[in-house]
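Okay, thanks for coming, everyone. Let me put the structure up, and then I'll walk you through a few spots in it.

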Amino acid sequence: MKSVLISGGGIAGLALAVSLNRQGFAPTVVERADGLRGGGQAVDVRGVALEVVDRLVMLEEVRAHRTRMRGMSVLDGDGREIHRSTESTFSSGRLDNEDIELLREDLVRVLHDRAAAEGVELVFGDTVTALDRGEDEDGAFIRFERAEARRFDLVVGADGLHSTVRRLAFGPEERFARHLGMHLAIFSANNFLALEDWQLWLREGEAGYGVYPVRGNSELRISFGFAGEPLPAGRRDPEAQKAFVAERMTALHWETPRLLKALAEAPDLYCDSMAQIHLNHWSRGRIVLLGDAGYCASPLSGQGTSLALVGAYVLADALTRSGGEHRAAYAEYERRLRPFVRLNQALATDNPGGPASEESVERAKNAIALNG
């Protein structure tokens with residue numbers, strides 16, 4: 001039974017843990033946060049990722065959490081409606097397709113509960129601080145911030161855009177990150193706009209926002225987007241981020257003052273630069289990268305969740321087929337997944353800030369065969 005350290009308790013890490021556990025591996029998930037992270041935007045499970053979800057937790061379990069949007073309105077800078085649709089929304093595309101839109105936190109909870117029920121070791125409130133590549137026969141030796149050091153047969157960095165495992169094993173982030181010229185800030189608030197299963201999108205110049213109700217229309221998810229250079233290194237604490245976002249959104253009209261008041265009071269702000277990660281190889285020794293840590297496409301692609309789920313499944317399948325021999329498995333993982341990653345990353349760069357063509361989305365959704 002091969003031991004596998006998975007750094008990161010998000011969608012990619014938990015999906016991989018469930019898959020590996022069922023194939024006789026011994027995964028351990030280590031997550032920096034003290035518990036499951038709340039907040040965040042609605043995400044989409046589409047294309048081949050639907051099959052992955054069905055194999056992991058059953059589609060009906062995930063569908064029970066789906067959003068129930070009836071449509072959307074597009075507003076000008078003063079809040080006047082300039083377009084209305086009951087056929088599609090910017091966040092999920094056509095409303096009559098089989099894709100599932102749900103809150104990120106709900107998908108994470110479903111995957112977490114399945115992992116816990118099946119006996120996966122889950123460690124919260126800790127993180128990797130040092131590692132070797134495990135290029136000898138004894139595995140990779142890992143040091144943690146709190147727990148005692150341990151040796152693992154395999155190590156997976158599924159710890160997001162700002163991956164610690166990637167930095168320790170491959171080098172500083174700036175070598176691999178490509179900033180896309182945009183920022184995204186997401187937070188929750190009470191439904192003070194009284195929206196009922198309806199999205200609002202406003203854009204003026206290089207800034208704008210989307211607002212939509214969740215939790216039976218009791219809450220709002222608010223996403224601010226604006227152009228600019230990468231976030232300064234010192235703007236990582238929540239209060240500094242709130243000030244940074246407010247400064248760039250304050251020129252917008254309509255309900256902006258109330259939205260900025262909600263931002264100031266928000267307990268769950270997520271704010272980051274829109275960037276992609278590009279590496280020539282996703283593995284070194286016994287260490288391999290998964291999801292945003294290895295090939296972030298950015299939220300502008302609309303495919304980050306699908307990349308995480310499909311990547312986890314393909315990696316687990318490659319390790320199973322190779323009997324845990326990591327060199328062969330990692331090579332197979334890259335061979336099968338790289339075309340899928342390239343198509344999905346292109347969705348964010350071909351028309352940044354705007355919708356991708358239906359043809360390109362369909363091509364990206366169906367560019368991989370899960371069984372090799």
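Let's start with a small detail: just after H2, Met58 takes a positive phi of about 80 degrees. And please keep in mind that what you're looking at is a predicted model. The helix before Met58, H2, covers residues 48–56, and its buried residues are Val48, Ala49, Leu50, Val52, Val53 and Leu56.

Okay, on to helix packing. Two packed helices are described by the angle between their axes and the distance between the axes. Have a look at H9, residues 304–321, and H10, residues 326–349: they pack at an angle of about 155 degrees, and their axes are 8 Å apart. So H9 and H10 are roughly antiparallel to each other, since the angle is over 145 degrees. As for the hand, the crossing of H9 and H10 is right-handed.

Who makes that contact? On the H9 side you'll find Ser306, Leu307, Val310, Gly311, Val314, Leu315, Asp317, Ala318, Leu319 and Arg321. H10 brings in His326, Ala329, Tyr330, Glu332, Tyr333, Arg336, Leu337, Phe340, Val341 and Asn344. Sorted by class, the residues where H9 meets H10 come out as twelve nonpolar, four polar and four charged.

There's another helix pair to show you. H6, residues 238–249, and H7, residues 256–265, have axes that come within 10 Å and cross at roughly 175 degrees. That makes H6 roughly antiparallel to H7. Here Lys242, Val245, Ala246 and Met249 of H6 meet Thr256, Leu260, Leu263, Ala264 and Glu265 of H7. The class count for this contact of H6 with H7 is six nonpolar, one polar and two charged residues.

Now for the rings. How many aromatic pairs does a search of the whole structure find? Seven. One of them is Tyr209 with Phe224: the ring centres are 5.6 Å apart and the planes sit at 55 degrees, so we call the pair tilted. This pair links distant parts of the chain, with Tyr209 in strand E16 (residues 207–214) and Phe224 in strand E17 (residues 219–227), 15 residues apart. Both Tyr209 and Phe224 are buried.

Trp282 and Tyr295 make another tilted pair, at 4.5 Å centre to centre with 45 degrees between the planes. Trp282 is in the loop between strands E18 and E19 and Tyr295 is in helix H8, so this pair ties together parts that are 13 residues apart in sequence. Trp282 has 1% relative accessibility, so it counts as buried. Tyr295 also counts as buried, because its relative accessibility is 1%. And there's a cluster too: ring pairs link Phe187, Tyr209 and Phe224.

Staying with E17, Ser223 lies in that strand. Is Ser223 buried or exposed? Its relative accessibility is 9%, so Ser223 counts as buried. Leaving out residues up to four places away in sequence, Ser223 touches Leu184, Ala185, Ile186, Trp201, Gly208, Tyr209 and Gly210. You'll recognise Tyr209 there, from the pair with Phe224.

Last stop: Ala275, in strand E18. Ala275 counts as buried because its relative accessibility is 8%. With residues up to four places away in sequence not counted, Ala275 touches Leu161, Arg178, His179, Leu180, Cys296, Ala297 and Ser298. From Ala275 to Val18, it's 257 residues in sequence and 28 Å in space, C-alpha to C-alpha.

That's my tour, thanks for listening.

Terms used. Residues are numbered from 1 along each chain as its sequence is written. This is a predicted model: local features need pLDDT of at least 70, side-chain atom pairs count only at pLDDT 80 or more; totals for chains, interfaces and linings use all residues. Side-chain values use heavy atoms; hydrogens and water are left out. Axes are lines fitted to C-alpha atoms, for helices over the stretch in contact, and angles run from 0 to 180 degrees between N-to-C directions. Helices (H or I, at least four residues) and strands (E, at least two) are DSSP runs, numbered from the N terminus. Angles under 35 degrees count as roughly parallel, over 145 as roughly antiparallel, 65 to 115 as roughly perpendicular and the rest as oblique. A crossing is left-handed if the near helix is turned anticlockwise from the far one by less than a right angle, and right-handed if clockwise. Contact means heavy atoms within 4.5 Å. Ala, Val, Leu, Ile, Met, Phe, Trp, Tyr, Cys and Pro count as nonpolar, Asp, Glu, Lys and Arg as charged, and the others, Gly among them, as polar. Rings of Phe, Tyr and Trp (its six-membered ring) pair if their centres lie within 6.5 Å; planes under 30 degrees apart count as stacked, over 60 as edge-to-face and the rest as tilted. Buried means under 20% relative accessible area, exposed over 50%, partly exposed in between (1.4 Å probe, protein chains only).
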